[in-house]
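Here is a set of questions and answers on one chain. Read each with the structure in view.

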Amino acid sequence: MEKAFIAYNLTCESCREVISRTVAKFPGAGLKSLDLQSGAVVVDCAESDFESLKAAVYEKGYGPAGFGPKKSVRDMVQGVLGNDSAFAAERKILEYSLGSLMLVFAVELGLGLMFFQNVANFWPVYAPLLFLMAVAISASVAAVLHLSFFRTGLSCMTGMMVGMTIGMSSGFMTGALIGATNGMFVGSLAGMFVGMALGAWAGRCCGVMGVMEGLMAGLMSGTMGAMLSVMMLREPILPFLVVLFASCVAILVGLSYAVYKEAGHIPQETFKVTFYDVAAVSLIVSIAITLLMVFGPKSAVVIGV
C-alpha cells in the first residue's frame, strides 16, 4: 500500500539514501519517491508498519522540530557510566579505550626503560609527548569505533561534520606531536596522512561531500598542527599541547554525543568488537608513531634542541 508523509531537513542525495535504507528495514517496504524540495515521501509498506516506519525516518534527523524524546548530555553520561543496559555497547567502548590507554602507557614505559635510555632527553622531552600521544590514540580509536556503527545511518549534515571533525582532530594532534619532535616537514606529512585517511573514511557515510570534507580537514589540520608546534618551540609548548589535546578530546566526545542524539544507541547485536581488537590497533599505532618521533628524520630546530 502506498503511503505518504513529509520529511524535514533534507539537503542532498545522501538524505535519499539514508531514508531508503531506513524504509527497507521494514519487511516488504520500499521508497517509491522523495522530493528533496518539498520533503514529500511516498513509500510502499504495510498499513500496520506505516507509523513505525515514519517514526524511524524521523529518528534519523528528518522529523519536525521537537520530534522524539530529548537526548541530553546528562542522559548519555549517566547511561554510559551507570547500569543502563541500553548503553552496554557504548560502555564497552569506554572500558576498552581506557584499558588500551593503560596498556599503551605500560608498553611505552617499558620501551623507555629497555631501549630508549640512551636517547638524548628522552624522559624530559619525549616522555610527556608520548603520554599525550597515548591519550590522543585512545580518544580517537574510541570515537572512530563508535562512529563505525552508524556509517550508513546519518544525515548529510551530520555525516559531513563527522568527516570534518575526525579529519581535523586526528590530523591536528598527529601533526602537532611529530612537528614538535621531527620538524615541520615530517610533522606535516604525518599529520596530513593520518588526518586525510581517517577524515575520508569517516566522511564516507554521506557520500562524496563527506569524503571531500574529511580530506580537506585532514590536509589543513595536519599542516597547521605541525606549524603551530614549530612556532611554539621557543614558548611553553608542553602546556599548549596539553590544552590543544584536551580540546580535541572534548570535541570528539561532543561528536559522539551528536551521533547518539541523531542515531541513538549502538545496536547490541552488531557489537562484536573485543578488547583485544582495540588494544591491538592502539599498540600498533602507538609504536609506529613512537619510532617515528624518536628515530625519524628531524629538522634543524625541534623540541629539546
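Helices here are DSSP runs of H or I with at least four residues, and strands are runs of E with at least two, numbered from the N terminus.

Q: What is the place of lysine 60, and is lysine 60 buried or exposed?
A: This is a predicted model. Lysine 60 sits in helix α2. Buried means under 20% relative accessible area. Lysine 60 has a relative accessible area of 15%, so this lysine is buried.

Q: How many residues separate lysine 60 and leucine 154 in sequence, and what is the C-alpha to C-alpha distance in space?
A: The two positions are 94 residues apart along the sequence. In space, C-alpha to C-alpha, lysine 60 and leucine 154 are 6.5 Å apart.

Q: How many helices and strands are in the chain, and what pattern does the chain follow along the sequence?
A: The chain holds 10 helices and 3 strands. Read along the sequence, the pattern is β-α-β-β-α-α-α-α-α-α-α-α-α.

Q: What average pLDDT does the chain have, and which element has the lowest mean pLDDT?
A: The chain averages a pLDDT of 90, and 96% of the residues score at least 70. Among the elements, helix α7 (residues 184-203) has the highest mean, 96. The lowest mean, 82, belongs to helix α3 (residues 73-81).

Q: In what order do the 3 strands form the open sheet, and which are the edge strands?
A: The pairing is antiparallel, and the order is β1-β3-β2. The twist averages 25° from one strand to the next. A strand that pairs on one side only is an edge strand, and that describes β1 (2-6) and β2 (30-34).

Q: How many bridges join β2 to β3, and how many pair β1 and β3?
A: β2 and strand β3 (residues 40-44) run antiparallel and are joined by 4 bridges. β1 and β3 also pair in the antiparallel sense. The count for that pair is 5 bridges.

Q: Which residues in β3 are the bridge partners of leucine 34, serine 33 and lysine 3?
A: Leucine 34 has valine 41 as its bridge partner. Serine 33 is matched with valine 42. For lysine 3, the partner in β3 is valine 43.

Q: Which side chains along β3 are buried?
A: In a regular strand the side chains alternate between the two faces of the sheet. β3 shows this alternation. Ala40, Val42 and Asp44 point to one face and are not buried. The buried side chains, pointing to the other face, are Val41 and Val43.

Q: Which residue in the hairpin of β2 and β3 takes a positive phi?
A: The hairpin has 5 residues between the strands. Phi is near 85° at glycine 39.

Q: Which strands does α1 touch, and which does α2 lie across?
A: α1 packs on the sheet, and its direction makes about 150° with that of β2. The strands α1 touches are β2 and β3. α2 runs at about 35° to β1 and lies across β1 and β3.

Q: At what angle do the axes of α1 and α2 cross?
A: Two packed helices are described by the angle between their axes and the distance between the axes. The axes of α1 (residues 13-24) and α2 (residues 50-62) come within 9 Å. The crossing is right-handed. The angle is roughly 145°.

Q: Which residues in α2 meet α1, and how do the residues of the contact divide?
A: From α1 come Cys15, Val18, Ile19, Thr22 and Val23. In α2 they meet Leu53, Ala56, Val57, Lys60 and Tyr62. The contact divides into 8 nonpolar, 1 polar and 1 charged.

Q: Is asparagine 9 buried or exposed?
A: Asparagine 9 lies in the loop between β1 and α1. Its phi is near 65°, a positive value in a residue other than glycine. The relative accessible area is 53%, so asparagine 9 is exposed.

Q: Where is asparagine 121, and what is its relative accessibility?
A: Asparagine 121 is in the loop between α4 (88-114) and α5 (122-148). Phi is positive there, about 60°, although asparagine 121 is not a glycine. This residue counts as partly exposed, because its relative accessibility is 40%.

Technical notes. Residues are numbered from 1 along each chain as its sequence is written. This is a predicted model: local features need pLDDT of at least 70, side-chain atom pairs count only at pLDDT 80 or more; totals for chains, interfaces and linings use all residues. Side-chain values use heavy atoms; hydrogens and water are left out. Axes are lines fitted to C-alpha atoms, for helices over the stretch in contact, and angles run from 0 to 180 degrees between N-to-C directions. A crossing is left-handed if the near helix is turned anticlockwise from the far one by less than a right angle, and right-handed if clockwise. Contact means heavy atoms within 4.5 Å. Ala, Val, Leu, Ile, Met, Phe, Trp, Tyr, Cys and Pro count as nonpolar, Asp, Glu, Lys and Arg as charged, and the others, Gly among them, as polar. Two strands pair if DSSP finds at least two bridges between them. pLDDT is the predictor's confidence in each residue, from 0 to 100. Buried means under 20% relative accessible area, exposed over 50%, partly exposed in between (1.4 Å probe, protein chains only).
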